[in-house]
Amino acid sequence: MTRISIITINYQNQVGLLKTIHSVLDQSYPNIEYIVIDGASTDGSVDVMNSFSTKLAYSVSESDNGIYQAMNKGWKRATGEYCLFLNSGDYLYSNSVIEEVVKCIEKTSTDIVFGNLFAYDENTGFISVFSEPISLYYFQHNFIPHPAAFTKRSLLEKLNGFYEHYSLISDWAFFVNSFLQKATFKQIDVTVTA
């Protein structure tokens, strides 16, 4: 049974963290390793983490140099075959979404499997579909949302994760680098995250 490592990054978002944790712990799929990396929050987030300590494979609250250093800390602690980065405030779209994704993953040995994202504008919610084929042209005009992408941990290890000196685009840069290094991509018609 494929192990999925879900890594949540949090800073000063107690309410969002609680929502995210519940969406992970309510999943029907049993083989999830859940990791929470907090950036030394002072808003009660640590209390939330501590209240779920028996359900978390690993958690820490300490200062860091931003989201990408925290994401790197997370995957380096992971033992799953695939990693999903689910930031605090984001939540899994349904209680069965990991189960649905794993069914797709187990039919392929793809390096990066990505699905849809439920997004919001000022008035309504809508499903954002990120489609294939993946190319450099695709990345000039589009992106793969990391909260809806399952990445092989072995690929994160090979590419040494995310560039920590970028403040905003390191996830985009990681996927571009993955493409340049001949990683394989697979889009699935599953809405993963909101």
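The exercises below work through three residues of a predicted model, each with a solution in steps.

**Exercise 1.** Determine where Ser 45 lies, whether Ser 45 is buried or exposed, and which residues surround Ser 45.

*Solution.* Begin with the secondary structure, where Ser 45 is found in helix 2, which covers residues 45-51. Next take the relative accessibility of Ser 45, which is 0%, and compare this value with the cut-off for buried residues, under 20%; Ser 45 therefore counts as buried. Then look at the side chain of Ser 45, which makes a polar contact at 2.7 Å with the side chain of Asp 43. Finally, once neighbours within four places in sequence are left aside, the residues in contact with Ser 45 are Asn 10, Gln 12, Asn 13, Gln 14, Leu 17 and Asp 38.

**Exercise 2.** Assign Trp 172 to a helix, classify its exposure, and find the surface patch to which Trp 172 contributes.

*Solution.* Trp 172 lies in helix 7, residues 170-180. Its relative accessible area is 33%, and because partly exposed covers the range between 20% and 50%, Trp 172 is partly exposed. Together with Phe 143, Tyr 163, Tyr 166, Leu 168 and Ile 169, Trp 172 makes a nonpolar surface patch of about 590 Å².

**Exercise 3.** Place Gln 187 in its strand, classify its exposure, and list its contacts beyond four places in sequence.

*Solution.* Gln 187 is found in strand 8, residues 185-193. With a relative accessible area of 17%, which is under 20%, Gln 187 is buried. Leaving aside neighbours within four places in sequence, Gln 187 is in contact with Phe 114, Asn 116, Val 129, Phe 130, Ser 131 and Glu 132.

Note on methods
Residues are numbered from 1 along each chain as its sequence is written. This is a predicted model: local features need pLDDT of at least 70, side-chain atom pairs count only at pLDDT 80 or more; totals for chains, interfaces and linings use all residues. Side-chain values use heavy atoms; hydrogens and water are left out. Helices (H or I, at least four residues) and strands (E, at least two) are DSSP runs, numbered from the N terminus. Buried means under 20% relative accessible area, exposed over 50%, partly exposed in between (1.4 Å probe, protein chains only). A polar contact is a pair of N or O atoms within 3.5 Å; within protein, one must be able to donate a hydrogen and the other to accept it, and residues adjacent in sequence count only if both atoms are side-chain atoms. Contact means heavy atoms within 4.5 Å. Patches are made of residues with over 30% relative accessible area and no salt bridge: like charges are joined within 9 Å, nonpolar side chains (Val, Leu, Ile, Met, Phe, Trp, Tyr) within 5 Å. Accessible areas come from the Shrake-Rupley method with a 1.4 Å probe; for residues, only the protein chains shown count as cover. A salt bridge is a side-chain nitrogen of Lys or Arg within 4 Å of a carboxyl oxygen of Asp or Glu.
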